[in-house]
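Work through the exercises below with the model open. Each task is followed by a solution in steps.

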Amino acid sequence: MATEGATAVADIWHDQGAGTWLLQTRSTAYAFGLADGGAALRHLHWGPGLPAGAPTALLAEAGGEPPRWERSRSSARERPDEYVPWGGLRYDEPSLKADYADGTRSTEWRFTAQRLSRHGAGTTVELDFTDPAYGLVTTLAYRVYDEFDVIERWVVLRNGGEEPIVIRQAHSANWWLPDRAGWRLRYLHGGWGAETRLAQTTLGPGKLVLESRRGTTSHQLNPWFTLDPGGRATEESGEVWSGALAWSGSWKLVYELTSAGHLHACGGCNDFDWAQRVLPGETFVLPSFAALYTDAGFGAASREWHAWARAHVIGRGDRTGLTEPRWRTAVGSAAPAPASAAGAPGDRGQRLRPVLYNSWEATSFAVSQGGQERLAERAARIGVERFVVDDGWFRGRDNDHAGLGDWTVDESKFPLGLAPLIKRVNDLGMSFGLWAEPEMVNRDSDLYRAHPDWVYHFARRTRTEHRNQLVLNLARPDVADWVFGQIDRLLAENNIEFIKWDMNRPFSEPGWPAEAGGNPERIWVEHVRSLYAILDGLRAAHPGVEFESCCGGGGRADLGILGRVEQIWTSDNTDGWDRIAIQEGFTQVFAPQVMMAWVTDSPNWWTGRRLPLRFRFHVAMAGALGIGGDLSRWTEREMAEAAELVTVYKVIRPVVQQGRLYRLASVPADPYGAHQYLSDDGAQVVILSWWGPSSCGGGRPPVRLAALDRGARYADADNGQQYWGAELLHEGLTLPGSSHDDFGSALVRLIRRSS
Ligand code: DGJ
């Protein structure tokens, strides 16, 4: 146990005598303290800032006997513990459940050590709890950042005993909310072509479980939430607690209002069908789970997520800093690639996204050197900066029945390989990108014919196909090596500056017969760890290459994958009208900078809806702009309009991608949707607005802007008209465009003139 005294490293205070810790973020505080003689870590506070001495007083209050009413109907064990090993009188959702070699299935522990450390722009505290009987050491880690209100938690399990330990359930964090009434939960749900749409419910007594059992983050639910008491928060006001799990595989989040009346939100890797054997001396690191508190509404929570991810997540690799890339250099090359090629990893979150062209909706699998060159020439004419060849470029890939796994160029489509096309693209002033789906295989492929045992399967069960493909068992080191080698070779042999990493099906038959009797259930977690290691290795070996996470649309959007990519494909549904809700949900947690949005053809292939080109652009300009239409069929007038809009996008891009986002109005609740982007210095304002069919001849009321300087003048960059900040905040801005146009849109750019 700790001795008398107090220590502080930057933002974390530790009172050794009392056994309390206070984590101070930029404007909030989080506190916990040891209880039951070190056998428990009691949660004390998460919310507004606290004075340094407060946690000790809070612990004294929380540490006493529970009130009589509580004693009579529940147990002291239901008092909020930061992390709850299953055992004793614990009946709420536990954080940790482990099996020991002698048949014991509960865990007891004592606090044994703590470490405070400073790293870059943050501070970490780690607390060790040791099971004296079996040697399991559970480290609870917390990290706070100087400039942000985000707190990141993760857990490390180390087997310090002499027998294997089997982990059956292990959460990354257990977040306790203050005792308030009527908690509203907001979360993201959807499906293929309908991802990241906002849903909400009021939590009553009992549990609500949201999860993915698909092996991926999933289109259906996303591991992000907000909680606000009484459903009182709005976009720009009220207390909000928000969390996001950094994990790209099956996950589970449990929202539980306990019988003692406390609400907790806890979770991590999904325990369904999962077990992880940890051998003596081995360490198992759980993914991180970040969360924040704000008293300024959902918009403030989103802006905090965006800014923090740009500074500390995008392209940064492992959140815990505990796993090393397994492959550091390109296969066959002894020398590491120069780190200068793309700047330090930390810069990646600050890089603007180039305007991209992708040929998928134009050509489907019918790619060819000539066809792609013609599209590239048209793309360059309208100002595209990166040209991406999608599915169909490799051997046997004329449709979705064959080819996955055989990652060599189809010479009937590209007789001299990819080099001539890449050169043409580069000569046109664009960088070149390529699509791949490295975790997959078609039965009709040389890879599957040679290695039918490389896919997940059960010995005497059907291998269920989805899109005619099966999932490679990345838990196998030989398969992971092979996948790394294929993409590494492509990157080493060609001037490829961007990989769109796709994953078009969820898992089924998650078996590994050769491991029967061992621990094949670990594939759920090992697949994702292996994917991360491959991406980390490729990024270390090819630092000039950028990546996009795609999963049949937006099925792999989470903070874990965001550490390995620069951008995320939001949805295969590129209908501008549908995209408004999908993008609005996506921006709850992810910055516009990482939200890939394409302008595609009209009528839309998915919905059949016809939308004006300008409308489609204005919706896509709310994120990282891409063009995905068949440019060979765009008229000269459309090409000219597209070129003009791409030019405008490049002007507003820094504000849209890296400014602060204010969701001013949302359809269908409001007569139009409107987003405002404000540069960090407050000098530049961009408003994008979209509306649907007009109704009963009603007009559109002015849109009230946010966060402007009331005493400053703002000038419309297009027509010079000037407004007072106060006027824009209170009276609002009348959006250009007729009040009767169906599916109309507007883009307004304001420049602050003076105060
Ligand atoms: C699904 C992706 O979301 C699409 O953009 C496209 O890349 C296809 N896969 C290609 O098979």
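**Exercise 1. Characterise the surroundings of the ligand.**

Solution. Start with the polar contacts, which are pairs of N or O atoms within 3.5 Å; within protein, one must be able to donate a hydrogen and the other to accept it, and residues adjacent in sequence count only if both atoms are side-chain atoms. An N or O atom in the side chain of Asp391 lies 2.6 Å from an oxygen atom of the ligand. Arg467 places a polar side-chain atom 2.8 Å from a ligand oxygen atom, and for Asn504 the partner is a nitrogen atom of the ligand, at 3.3 Å.

Next, take the cover. The ligand alone exposes 300 Å², of which the protein buries 99%; these areas come from the Shrake-Rupley method with a 1.4 Å probe, and for residues only the protein chains shown count as cover.

Then list the shell. It holds 13 residues, and the closest are Asp390, Asp391, Lys500, Asp502 and Asp572; a residue belongs here if one of its heavy atoms lies within 4 Å of the ligand. By type, the shell has four nonpolar, three polar and six charged residues. Here Ala, Val, Leu, Ile, Met, Phe, Trp, Tyr, Cys and Pro are nonpolar, Asp, Glu, Lys and Arg charged, and the others, Gly among them, polar.

A note on the basis: this is a predicted model, in which local features need pLDDT of at least 70 and side-chain atom pairs count only at pLDDT 80 or more, while totals for chains, interfaces and linings use all residues. Residues are numbered from 1 along each chain as its sequence is written, and side-chain values use heavy atoms, with hydrogens and water left out.

**Exercise 2. Classify two aromatic pairs and locate their rings.**

Solution. First apply the criterion: rings of Phe, Tyr and Trp (its six-membered ring) pair if their centres lie within 6.5 Å, with planes under 30 degrees apart counted as stacked, over 60 as edge-to-face and the rest as tilted. The whole structure gives 38 aromatic pairs. In one of these, Trp274 and Phe284 are 6.1 Å apart centre to centre with 35° between the planes, a tilted pair. Trp274 is in the loop between strands S18 (263–269) and S19 (276–278) and Phe284 in strand S20 (residues 283–285), so the pair ties together parts 10 residues apart in sequence. Strands (E, at least two residues) and helices (H or I, at least four) are DSSP runs, numbered from the N terminus. Both Trp274 and Phe284 are buried, meaning under 20% relative accessible area, against over 50% for exposed and partly exposed in between (1.4 Å probe, protein chains only).

Now take Tyr357 and Phe387: at 5.5 Å centre to centre and 15° between planes, this pair is stacked. Tyr357 belongs to strand S22 (residues 356–358) and Phe387 to strand S23 (residues 386–389), 30 residues apart. Tyr357 and Phe387 are both buried.

**Exercise 3. Describe the cover and the start of helix H11.**

Solution. Count first: in H11 (residues 576–586), eight of 11 residues are buried. Among them are Arg579, Ile580, Ile582 and Phe586. At the helix start, a side-chain oxygen of Asp575 comes within 2.7 Å of the backbone nitrogen of Trp577.

**Exercise 4. Is Asn222 buried or exposed, and what does its side chain contact?**

Solution. Asn222 lies in strand S15 (residues 221–229). Its relative accessibility is 7%, so Asn222 counts as buried. A polar atom of the Asn222 side chain is 2.8 Å from the backbone oxygen of Ala557.
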